[in-house]
Amino acid sequence: MVKVYSYSNNDEIAQSLAKFIVSQQDSVLATKEKFNIAISGGSLIGILGKGLLNNKDIKWDKWVIYFSDERIVPLSDNDSNFGAFEKEVLEKLAHAGKVGPTVVTINENLIHPDDHTTDGEIAQTYASELPESGLDLVLLGCGPDGHTCSLFPGHKLLEENELDVAALHDSPKPPPRRITLTFKYLAKCTTLAFVATGASKQEALKEIFGNENSQLPCAITNRLVSKVKGGICWFVDDDAIEGVDVQTLKY
């Protein structure tokens, strides 16, 4: 069963999501030395910053952070998901004198600015860094078009069933060159959690939860719930979920 947690604003989502993440962290660290988590870019990074930076229960030194997708740009580029996370979280942890997490990035030495022919190598190098059995938790976004990671509606990567990480050079959203976790790899992971905020997500959520045969990437991901042993959940605000026929909870 997919669970949906709804709140009135981003601050409430940030605090609730932080509680959820701490619960996942503690469960994993009860039996393992490291907590392996993937994050997405965009507004999710700001929400994570709000909820996690001042949370004393986060064991940052035990975290290994990956990215559910990344733009094939230098890590210092404004489009880099790592770069955004560095500014929003890592630099602030360092400024506070706290030990930060281990962060696994793409190998920017493999990037050729005007040539995408090595992008597949970048993707496979990143895949080699991932836990073969899957991540403990993957935090996902949801675009107004229903995309998640860099899996876009109608794109050929929706059919990818061999690779754990794939490259694309034709993303409909800029920048065009990216790597992304695939459905194959997401299905290996223990727990998946979406974060979706704002009225621009309403129509996508109506289809995701109202059409069991929807081919939107977020809907396809939702249907992995039978394979994802820790379950799939959503953290949304009231604007995003308004008019969506789904039962909501509080975490």
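Strands, like helices, are named here as DSSP runs numbered from the N terminus, with at least two residues for a strand (E) and at least four for a helix (H or I). The views below show a predicted model.

**View 1. The loop between β7 and β8, with a cis peptide bond at Pro175****.** Pro175 is placed in the loop that runs between β7 (165-168) and β8 (178-181). The peptide bond that joins Pro174 and Pro175 is cis, with an omega of about -10 degrees.

**View 2. Cys149 in the loop between β6 and β7****.** Cys149 belongs to the loop that connects β6 (137-141) with β7. Although Cys149 is not a glycine, its phi is positive, at about 50 degrees. The relative accessibility of Cys149 is 6%, and the residue therefore counts as buried, the cut-off for which is under 20% relative accessible area.

**View 3. The open sheet and its strand order****.** Seven strands make up an open sheet, in which the order is β1-β10-β9-β6-β2-β3-β5 and the pairing is parallel. The edges of the sheet are formed by β1 and β5 (102-103), each of which pairs on one side only. Helix α2 lies across β2 (35-39), β3, β6 and β9, and runs at about 125 degrees to β6. Helix α6, for its part, lies across β1 and β10, running at about 150 degrees to β10.

**View 4. Strand β10 and the strands that pair with it****.** Strand β10 (residues 232-237) is largely enclosed by the rest of the structure, because six of its six residues are buried. Its two faces are both covered, with Ile232, Trp234 and Val236 buried on one side and Cys233, Phe235 and Asp237 buried on the other. Strand β1 (residues 2-7) runs parallel to β10 and is joined to it by six bridges; within this pairing, Tyr5 has Phe235 as its bridge partner, and Ser6 stands opposite Val236. Strand β9 (residues 191-196) also runs parallel to β10, to which five bridges join it, and here Val195 is the residue that stands opposite Phe235.

**View 5. The crossing of helices α1 and α2****.** The axes of helix α1 (residues 10-29) and helix α2 (residues 43-52) come within 8 Å of each other and cross at roughly 70 degrees. The two helices are therefore roughly perpendicular, a description that applies to angles from 65 to 115 degrees. On the α1 side, the contact is made by Asn10, Asp11, Ile13, Ala14, Gln15, Leu17, Ala18 and Ile21, while α2 contributes Leu44, Ile47, Leu48, Lys50, Gly51 and Leu52. Sorted by character, the residues of this contact comprise nine nonpolar, three polar and two charged.

**View 6. The buried side of helix α4****.** Within helix α4 (residues 119-129), the buried residues are Asp119, Ile122, Ala123, Tyr126 and Ala127. They are placed on the same side of α4, because they cover an arc of only 135 degrees around the axis. An α-helix has 3.6 residues a turn, so residues three or four places apart point the same way. The packing partners of the buried residues of α4 are β3, β7 and β8.

**View 7. The buried and exposed residues of helix α6****.** In helix α6 (residues 202-210), Gln202, Ala204, Leu205 and Ile208 are the buried residues. The arc they cover around the axis is only 155 degrees, which puts them on the same side of α6. Glu203 and Gly210 are exposed residues, carried on the face of α6 that is turned away from its buried side. The buried residues of α6 pack against α7 (217-222) and α8 (238-241), as well as against β10.

**View 8. Lys62 and its contacts****.** Lys62 is found in the loop between α2 and β3 (63-67), and with a relative accessible area of 35% it is partly exposed. When its neighbours within four places in sequence are left aside, Lys62 is in contact with Leu29, Glu33, Lys34 and Phe35. Between the C-alpha atoms of Lys62 and Leu29, which are 33 residues apart along the chain, the separation is 8.1 Å.

Technical notes: Residues are numbered from 1 along each chain as its sequence is written. This is a predicted model: local features need pLDDT of at least 70, side-chain atom pairs count only at pLDDT 80 or more; totals for chains, interfaces and linings use all residues. Side-chain values use heavy atoms; hydrogens and water are left out. Axes are lines fitted to C-alpha atoms, for helices over the stretch in contact, and angles run from 0 to 180 degrees between N-to-C directions. Angles under 35 degrees count as roughly parallel, over 145 as roughly antiparallel, 65 to 115 as roughly perpendicular and the rest as oblique. Contact means heavy atoms within 4.5 Å. Ala, Val, Leu, Ile, Met, Phe, Trp, Tyr, Cys and Pro count as nonpolar, Asp, Glu, Lys and Arg as charged, and the others, Gly among them, as polar. Buried means under 20% relative accessible area, exposed over 50%, partly exposed in between (1.4 Å probe, protein chains only). Two strands pair if DSSP finds at least two bridges between them. The arc is that of the directions from the helix axis to the C-beta atoms.
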